[in-house]
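Let's practise reading a protein model together. Keep the picture open beside you as you work through the exercises.

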Amino acid sequence: MSVCLSVCLSVCLSVCLSVCLSVCLSVCLSVCLCLSEGKSKSKVCANVFCGAGRECAVTEKGEPSCLCIEQCKPHKRSVCGSNGKTYRNHCELHRDACLTGLKIQVYHDGHCEEKKTDKAVAASPIVCYLANRNELRSRVIQWLQNEVVPDGWFAKGSNFSDTLLKYFKDYDNGDSQLDSTEFLKFLQHNETAINITSYADEENNRLLRSLCVDALIELSDENTDWKLSFDEFLNCFKPGFNPPERKCALEDETYEDGAETQVECNRCVCACGNWVCTAVTCEDKVPAVEKTEGADQEMTEEEWTRRVAELNKHQETVEKMKVSTKDI
């Protein structure tokens, strides 16, 4: 027992002799333990250096452990990472490097410059990759775990399931299911904890969050109705559940998450087991018929047959990209 705890308890005992002993001692003991834990953490972590993006925490065994920073301070001083991603500040950059296990360095201060793309080919669509989905899921789990209240001396606490059920009831419209809109409102309850910023543009980040909501719903939607019952909602965030890594399928080939392909002038990306494509009208693919001296002349049957064949071939290619992917 620490000296601090011993002194605190001895003072408590002398005070409690003059009042209701059992109640006084229980309250006093809780205060002493809190003081002891605070002193213990500062003492255990006093000489521990965890490096950028990490902070010291005390394990159940009372030993120091370096973990990824739970939450950075909200000050804004944007920096561009070596991965081409813009971060709100240096702390967010190093925290992301810790969470992803990637080596990310500060490339320069300020926002990253957007890469120039060929006008003939559309830029990659905004998608929720497996890493984005899993990061959002981990942040929600961490947020909920922080709200779990252990049983006290005279009051019953709450477990993880109880905490999640409370939020489920708060945002359910009465049909005992959460759709994507209600799910998004649940996340917005704690925007700081679940704020994923993969893009420099805030509007794109909001779109990313909506897409990741759909990916989380798809993860545990057993009856594929795009709504989650409480059991499905609980399964989605069970800390011990390890989400499967789905791949995309196309013409009997499988592709890893993040793989890209091109259909004419549109770019398609594999994200969370689904192909997501841009929807740009390709130039020169179906050119307008120029008016000439013989403009009033109708196309021949052979020309129409060739045109229809070209359009059908294009449609078949697009439909193949819409094929539902299979789990690997």
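Here are four short exercises on this predicted model, each with a worked solution.

**Exercise 1.** Find the order of the three strands in the open sheet, and say which strands stand at its edges.

*Solution.* Start with the order, which is β4-β3-β5, with antiparallel pairing. Next, look for strands with a single partner: these are β4 (86-87) and β5 (106-109), so each of them has one side left without a neighbour in the sheet. Now turn to β3 (residues 79-81), which is joined to β5 by three bridges. To locate one of the residue pairs, go to V79 and cross to its bridge partner in β5, D109.

**Exercise 2.** Decide whether W143 is buried or exposed.

*Solution.* First place the residue: W143 sits in helix α4 (residues 130-146). Then take its relative accessibility, 4%, and compare it with the cut-off: buried means under 20%. W143 therefore counts as buried. As an extra step, find E70, which is 73 residues away from W143 along the chain; their C-alpha atoms are separated by 9.6 Å.

**Exercise 3.** Describe the span that the UniProt record annotates as an EF-hand domain.

*Solution.* The unreviewed entry assigns this domain to residues 208-243. Checking its make-up gives 58% helix and 0% strand. The C-alpha atoms at the two ends of the span lie 19 Å apart.

**Exercise 4.** Where does pLDDT stay under 50?

*Solution.* Begin with the chain average, a pLDDT of 76, with 69% of the residues scoring at least 70. Stretches under 50 include residues 1-5, with seven contacts beyond four places in sequence, and residues 286-296, with two such contacts.

Terms used:
Residues are numbered from 1 along each chain as its sequence is written. This is a predicted model: local features need pLDDT of at least 70, side-chain atom pairs count only at pLDDT 80 or more; totals for chains, interfaces and linings use all residues. Side-chain values use heavy atoms; hydrogens and water are left out. UniProt positions are given in the numbering used here, feature names are shortened, and annotations may be inferred rather than shown by experiment. Helices (H or I, at least four residues) and strands (E, at least two) are DSSP runs, numbered from the N terminus. Two strands pair if DSSP finds at least two bridges between them. Buried means under 20% relative accessible area, exposed over 50%, partly exposed in between (1.4 Å probe, protein chains only). pLDDT is the predictor's confidence in each residue, from 0 to 100. Contact means heavy atoms within 4.5 Å.
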